[in-house]
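Subject: Structure handover and what was found in it

Hello,

I am passing on the structure we talked about, and I would ask you to open it next to this message. Please look through it once on your own before reading on.

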Amino acid sequence: MSEITNQSLTSLAQNIKDKKLSSEEVTKAFIERSEKSKELNTYISEDFSNAIDKAKKFDQNPNLNLKLPGIPIAVKDLFCTQNVRTTAGSKILENFIPTYESTVTQNIWDEGAILLGKLNCDEFAMGSSNETSFYGNVQNPIDKGLVPGGSSGGSAAALSGKLTPITIGTDTGGSIRQPASFTGTVGLKPTYGSCSRYGIVAFASSLDQAGPMAQNVKDCALLQEVISTYDKKDSTSIDFKRNEYSKELTKDIKGKKIGIPKEYRVDGMPKEIEELWQKGIQYVKDCGAEIIDISLPNTSYALPTYYIVAPAEASSNLARYDGVKYGFRAKGENLIDMYEKTRSEGFGAEVQRRIMIGTYVLSSGYYDAYYLKAQKVRKLIKNDFDEAYKKVDAILTPSTPSSAFKIGEKKDDPVSMYLNDIFTVPVNLAGLPAISIPAGHDASGYPLGLQIIGKAFKEQEILNIAYAMEDKINFKNNITDWWIK
Amino acid sequence: MSKNKSEYLIERTNNIYEVVIGLEVHAQVTSNSKLFSSSSTKFGAEPNTQVSLVDAAFPGMLPVINEFCVKQAIKTGIGLRAKINKRSVFDRKNYFYADLPQGYQISQFKYPIVGEGTVILDMPDGQKEIGIERLHLEQDAGKSIHDMDPQNTLVDLNRSGVALMEIVSKPDLRTPEEVSTYIKKLRSIMRYLGTCDGNMQEGSLRADVNVSVRLKDSKELGTRCEIKNVNSIKFMQMAIDYEANRQVDLIEDGKIIDQETRLFDTKKNETRSMRSKEDAHDYRYFPDPDLLPLEVSDEFINELKSTIPELPDDKKKRFIEEFKLSAYEATILVSDIEISKYFEEVISKMGKNQDIKLAVNWITGELFAVLNNKNLEITESPISAENLAKLVNLIKNGTISGKIAKTIFELMIDGDRDPQKIVEEKGLKQESDPKALEALIDKIINDNREKAIEYKQGKEKLFGFFVGQAMKASGGKANPQLINEILKKKL
Amino acid sequence: MSIDLKTIKHISKLSRISVDEQKAEKLAEDLSSIFEFIEKLNQLNTDKVEPLTSVAETSLKFRSDEVKSKNIREQIIKNSPEDNKDFFVVPKVVE
């Protein structure tokens with residue numbers, strides 16, 4: 001048997017079911033590796049001793065019919081976890097301990113999983129490099145000094161560094177797919193309304209969606225199957241028939257029509273991304289799918305639209321962090337002074353920047369010019385996809401316009417940072433499912449991902465395409481464990 | 001101040017001003033749980049004991065709408081003869097305040113659930129129609145307590161998230177009396193519908209009052225000031241009076257009226273500018289992305305329509321037609337649903353051969369006086385409709401006189417006693433035996449022969465003297481009608 | 001479009017985030033470049049387009065009017081920064 005932490009979720013679950021491994025052994029193995037991996041700074045809060053207790057308890061009376069039997073999992077620190085500190089990567093929630101559990105994490109525990117701890121992320125999920133976290137940068141296990149992407153940077157790094165067998169992130173504009181692409185892992189952003197938002201610290205309510213991150217497509221499908229449930233506690237949760245994604249997974253994608261949108265060929269995109277895309281096209285052809293050129297004409301308006309809609313919603317969603325009910329409070333001479341100091345000291349620069357943008361675009365005299373305009377363009381972007389899906393079953397694009405960049409490289413240039421999400425953002429605006437799978441490496445050996453975008457509620461379709469491609473790509477992550485001394 | 005009774009004008013040396021008033025009434029929806037959370041709405045609970053994670057705006061908490069509150073709003077809309085909007089949208093009204101945990105209030109700004117409607121006021125000089133601009137659903141805020149701790153303000157979130165209906169009138173009101181009648185009428189309609197208990201002491205009904213003034217006969221509206229959160233009709237009237245005069249004084253002095261939010265200080269009886277609201281005017285409304293548009297079908301609305309009880313205006317019409325009441329009597333009896341219920345119960349318990357006029361007089365006279373004195377609601381009436389009906393019937397069928405009835409009524413109050421039994425116990429039955437009365441009258445005429453002669457000679461005023469003597473001799477029990485008849489015959 | 005310091009001060013007030021001069025200047029610079037990028041939307045004619053507020057293809061679901069939430073005052077207050085077991089506490093407000 002290979003080393004525990006190198007095993008996929010599917011294999012760990014099988015070994016536990018076959019009683020070849022105990023939950024305690026598995027849990028301890030991941031904890032041990034996590035302890036040796038502090039330099040990656042993936043954890044904001046560890047819950048290791050509780051995890052071992054829970055694993056022992058599981059082993060005493062194991063329910064082997066569960067989908068995640070005694071599997072230890074670390075999750076993004078945007079999910080509220082009962083009695084475990086939840087910070088959203090912010091100082092303003094530094095001491096916040098929820099008395100409740102998010103629906104998505106509850107679903108995981110209900111299938112037998114065990115919480116290892118809470119993973120680093122950009123503050124309130126606002127960032128593409130994990131550099132906005134109050135709890136420091138995260139190192140990409142791929143190479144020292146490299147960002148893991150963001151906002152689910154800690155999740156992606158912990159997954160590719162094998163500190164957790166699978167994980168969950170949230171994706172508002174690419175926050176699962178971009179870090180998955182940067183770390184050579186698989187990340188799925190489900191259809192809006194597929195996973196409950198209950199108990200997830202909100203960034204932009206109309207875009208936020210939780211999703212699975214895994215080492216391979218099968219694990220990803222299994223985790224999606226666990227976390228996607230209709231939830232009456234979330235008014236935007238959708239009651240549709242969910243597949244048993246892992247069971248129904250197939251590599252047979254013969255005759256599927258795959259669209260290639262010409263607008264995703266952006267200026268200044270590295271040649272290797274274009275080559276990767278072409279390779280991807282060849283892979284799906286090899287699997288018997290048909291390639292169709294399509295147009296998504298409003299693609300270039302997606303990022304500006306996103307940078308109105310998301311900050312607008314965020315400016316309102318983050319109004320509750322006012323120092324009154326929970327979290328950080330600064331001393332103030334009066335109520336207003338207290339608010340202003342609390343929020344000025346409690347939020348980091350990027351969050352403040354976005355709150356300001358959002359406040360501005362909603363403010364009197366600017367609403368129509370910005371917010372309303374953006375909602376209209378959002379409609380056009382969705383129409384583009386609706387139109388395309390009359391001709392194709394799914395769409396294949398690169399996940400990101402570049403591979404992982406150096407820590408600090410883009411930190412002081414917000415616009416160039418925002419451009420990272422150019423291929424992922426349209427999907428959130430249209431509420432569609434999309435998966436990023438590792439598909440190759442650039443000249444430096446850094447991983448590159450391809451994105452498959454599906455029709456609403458057709459997660460099974462894109463999982464199948466990804467599953468078939470995964471086989472052809474046969475991707476291997478070059479991770480040297482450089483941080484382990 | 002004003003010449004005509006129904007007019008409310010403010011006069012200065014050279015000018016006469018008219019006052020234009022619009023109301024934004026905040027009516028708490030009668031419901032068990034809050035608009036977007038399952039916490040209780042009960043009044044008077046210990047601080048912060050009816051607060052859920054949603055109400056306190058914990059991270060990741062989401063609103064889920066209460067169907068009953070939606071129904072209540074639609075029913076109220078139907079009661080206001082208003083257009084029901086099949087699609088409405090919840091927006092966020094963004095501002096920071098200690099008792100607003102989310103940092104925004106969920107409210108319907110652009111697309112309210114109810115559109116234009118009307119309310120009819122019965123004023124002494126006739127009916128007046130007041131336009132309703134809209135009705136929308138929104139969340140109530142918590143309560144800031146400023147006087148419990150010298151250094152701090154304490155916040156109780158029990159009210160946070162309770163459903164409110166904001167009912168916005170058109171600026172059709174002109175006098176404090178109209179405002180009073182309007183509020184009472186709204187309350188009456190909502191109580192009929194069971195959509196708001198209208199309890200102003202508990203804050204279930206409060207209003208923001210928009211006041212502006214203009215030269216009489218002018219068509220343009222003046223700059224208005226909004227007096228926030230006034231919680232009694234009396235205070236509304238006082239606030240309007242103060243505010244209108246303040247505005248007129250400013251105009252007369254050649255000064256400008258600032259459009260602003262003001263507060264009515266009930267102790268000083270004046271309005272003053274609210275500093276705390278000053279820079280919070282840009283509310284940045286936008287559709288709440290945690291909620292979807294609220295869509296209701298025709299079926300849903302029609303089903304609610306079928307549950308609407310007879311409302312005050314229709315009931316009044318029926319009372320006038322069916323019971324031949326005067327408009328004035330009918331207005332009083334329908335003003336409150338419980339009064340109308342009591343009245344109709346009395347009528348039904350009276351059975352055949354009923355004297356409705358007499359019943360109305362007893363309810364609006366003696367009974368109301370007792371309720372008033374004891375500060376009781378009609379639902380707490382010490383005399384049941386059944387026993388009052390019996391009392392009226394006893395008068396009607398001649399068993400007792402009106403005068404005796406008053407004595408019996410007093411006795412009934414204590415323990416809601418049956419008037420029939422009181423009559424029997426105390427022997428208060430009216431003497432209606434002609435033979436006995438004839439004997440009694442013969443004796444009186446005999447004892448007062450001189451007066452009888454004077455009467456016969458034309459001093460007709462003396463008839464009353466004989467009636468009085470007869471009643472006295474019978475201990476008040478003689479049937480007055482018979483006494484009259486016999487006296488006329490004998491004298 | 002360039003965002004001036006006055007605008008920054010105004011929106012910082014609305015969003016209840018204090019900014020000093022230095023921070024205001026940095027924000028003005030950042031927001032100006034972001035809005036320059038956002039202005040691209042003006043190239044599009046959207047006169048006849050309906051705004052899209054939600055992509056959730058479902059209608060608003062109702063909850064029944066039942067009281068399910070109990071008294072959880074202790075839980076609610078537990079995380080608050082000031083020590084008071086009954087109330088949330090804020091600096092004195094003068095209305």
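What follows goes through a contact between chains, the nonpolar cores, one helix and one residue.

Please keep in mind throughout that this is a predicted model.

I will begin with the place where chains B and C touch, in which 40 residues of chain B are in contact with 30 residues of chain C. On the chain B side, the elements that give two or more residues are helix H1 (67-79), strand S9 (152-156) and strand S16 (294-295), and S9(B) gives the most, with five residues. If you sort the residues of this side by character, you will find 18 nonpolar, 17 polar and five charged. S9(B) is also joined by four bridges to strand S1 (residues 88-91) of chain C, and the two strands run antiparallel; within this pairing, Thr153(B) stands opposite Val90(C).

Turning to the interior, it helps to remember that in soluble globular proteins nonpolar side chains tend to be buried together. The largest nonpolar core here has 263 residues, and those with the most contacts inside it are Ile73(A), Ile452(A), Ala466(A), Ala73(B) and Val209(B). Helix H9 (residues 302-317) of chain A supplies the largest share of this core, nine residues. To see the surroundings of Ile452(A), look for its contacts beyond four places in sequence, among them Ala394(A), Leu396(A), Ile465(A) and Ala466(A). There is also a second, separate core of 32 residues, which includes Phe343(B), Leu388(B), Met412(B) and Val423(B).

Val423(B) leads us to helix H11 (residues 419-426) of chain B, where the buried residues are Pro419(B), Ile422(B) and Val423(B). Seen down the axis of H11(B), these residues fall within an arc of 100 degrees, so they line one face of the helix. On the other side of H11(B), Glu424(B) and Glu425(B) are exposed, while the cover over its buried residues includes helix H9 (385-396) and helix H10 (402-413) of chain B. After H11(B) comes Gly427(B), which has a positive phi, near 60 degrees.

Finally, is Val226(A), in helix H7 (residues 217-227) of chain A, buried or exposed? Val226(A) has 22 other C-beta atoms within 10 Å, and because 20 or more are required for a residue to count as buried, Val226(A) is buried. Setting aside residues up to four places away in sequence, Val226(A) touches Lys67(A), Leu68(A), Asn107(A), Ile108(A) and Glu111(A).

Best wishes

Definitions and conventions. Residues numbered from 1 in each chain as written. Chains lettered and ligands numbered in written order. Predicted model: local features only at pLDDT ≥ 70, side-chain atom pairs only at ≥ 80, totals over all residues. Contact = placed C-beta atoms within 7 Å. Nonpolar A, V, L, I, M, F, W, Y, C, P; charged D, E, K, R; others polar. Pairing = 2+ DSSP bridges. Buried ≥ 20, exposed ≤ 12 C-beta atoms within 10 Å, placed from the backbone. Core = buried A, V, L, I, M, F, W, Y, C linked by C-beta atoms within 7 Å. Arc of directions from axis to C-beta.
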